[in-house]
Amino acid sequence: MSTASKKKAKMEAKPALAEVPAPQESPAPAQAKRPGFMPETWFPSPVWSRQVPDHQRINAHILSVLEELERNGGAITRSNVGGWHSAANLHLSNDLAEIRRIIGNACAGCANYLAFDFDRFELFFQEMWLNKNGPGDFNKAHVHPNSILSGAYYAKVPEGSGNIEFYDPVRERVMATFPVKARTRINTQAMEYRGKEGLLLIFPGWLQHSVQPNRSNDFRVSISFNMGFRRKDI
């Protein structure tokens, strides 16, 4: 066998692993920009947020409606510990027609993003109610059963009056937590939104959430709601 043939045979006998370059002391430029493997994202938990225009005027009206409802009584208890929770039928009253329209239009946009079948079905308000949480009041972790979309609109938010907190809906993930350097959207098990006046949050009714205790000396006011769907009469 010639020298050239021996050299060729020797090269062909090398295992594939030998083709892999030796580890570098520092990551390659592409790795530095995007460490690890970029995953596909399945089964997301969407939360929509928007700031409602002209909310100062709208909020003043909401607070006046709240005062009237409080004078007439009729508070109920659901997830709230302390605080004041109105009856859940405020979507049937014209007193809150403007914010009801704003919420309804926003929910329609969210449903459209989720490819909701508006040709055969329609959204409708199942419930809408007012919440008033004073110092120390909070809401236990809960979901909104049978609601396709739920949410909250903030009419009065003193500093430190408690954020809304959302929890990872995949409970099985708690059995295999791993240490991380920082919490990100893909590894966190809870996240929170800081409430502010005029903020509208919309999320799936199945997404578990709670409201932290009010640590201020004033009360916080919000409107919560549930949206359902039904087949159109065609």
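**View 1. Two cysteines without a bond.** A disulfide is a pair of cysteine sulfur atoms within 2.5 Å, and a search of the whole structure turns up zero of them. This is a predicted model, in which local features need pLDDT of at least 70 and side-chain atom pairs count only at pLDDT 80 or more, while totals for chains, interfaces and linings use all residues. Residues are numbered from 1 along each chain as its sequence is written, and side-chain values use heavy atoms, with hydrogens and water left out. Zoom in on C107: its closest cysteine sulfur sits in C110, 5.8 Å away, and that is too far for a bond. Looking back from C110, the nearest cysteine sulfur is that of C107, and C110 is in no disulfide either. C107 is buried, with a relative accessibility of 0% (buried means under 20% relative accessible area, exposed over 50%, partly exposed in between; 1.4 Å probe, protein chains only). C110 also counts as buried, at 5%.

**View 2. The whole chain, for orientation.** Before the next close-ups, here's the layout: the chain has four helices and eleven strands (DSSP runs numbered from the N terminus, with helices being H or I over at least four residues and strands being E over at least two). Of its 234 residues, 36% are buried. Among contacts with a separation of 6 or more, 86% are between residues 24 or more positions apart (contact means heavy atoms within 4.5 Å). The accessible surface adds up to about 15400 Å², and carbon and sulfur atoms hold 55% of that (areas come from the Shrake-Rupley method with a 1.4 Å probe, and for residues only the protein chains shown count as cover).

**View 3. R78 and the residues around it.** You'll find R78 in the loop between α3 (55-72) and β2 (80-81). R78 is partly exposed, at 41% relative accessible area. Leaving out residues up to four places away in sequence, R78 touches H85, A88, E127 and W129. With E127 there's a polar contact from side chain to side chain, at 2.7 Å (a pair of N or O atoms within 3.5 Å; within protein, one must be able to donate a hydrogen and the other to accept it, and residues adjacent in sequence count only if both atoms are side-chain atoms). Look for H142 too: from R78 it's 64 residues along the sequence, yet the two C-alpha atoms are 9.5 Å apart in space.

**View 4. An open sheet of five strands.** The order is β2-β5-β10-β7-β8, with antiparallel pairing (two strands pair if DSSP finds at least two bridges between them). At the edges stand β2 and β8 (190-193), each with a single partner strand, so one side of each has no neighbour in the sheet. Inside this order, β7 (residues 164-167) and β10 (residues 209-211) run antiparallel and are joined by three bridges. To get your bearings there, find E165, which stands opposite S210 in β10.

**View 5. Two loop residues with positive phi.** Neither of these is a glycine: F43 has a phi of about 55 degrees, and N146 has one of about 65 degrees. F43 belongs to the loop between α2 (29-33) and β1 (48-51). Its relative accessibility is 78%, so F43 counts as exposed. N146 is in the loop between β5 (138-142) and β6 (149-156). N146 is exposed as well, with a relative accessible area of 73%.

**View 6. Aromatic rings.** The structure holds six aromatic pairs (rings of Phe, Tyr and Trp, for Trp its six-membered ring, pair if their centres lie within 6.5 Å; planes under 30 degrees apart count as stacked, over 60 as edge-to-face and the rest as tilted). One of them is F116 with F118: the ring centres are 4.7 Å apart and the planes are at 65 degrees, so this pair is edge-to-face. F116 is buried at 16% relative accessible area, whereas F118 is partly exposed at 27%. Another is F166 with F203, whose centres are 5.0 Å apart with planes at 70 degrees, so that pair is edge-to-face too. This second pair links distant parts of the chain, 37 residues apart, with F166 in β7 and F203 in β9 (residues 199-203). Both partners are tucked away: F166 is buried at 3%, and F203 is buried at 1%. Back at the other pair, F116 and F118 join F121 and F229 in one aromatic cluster.
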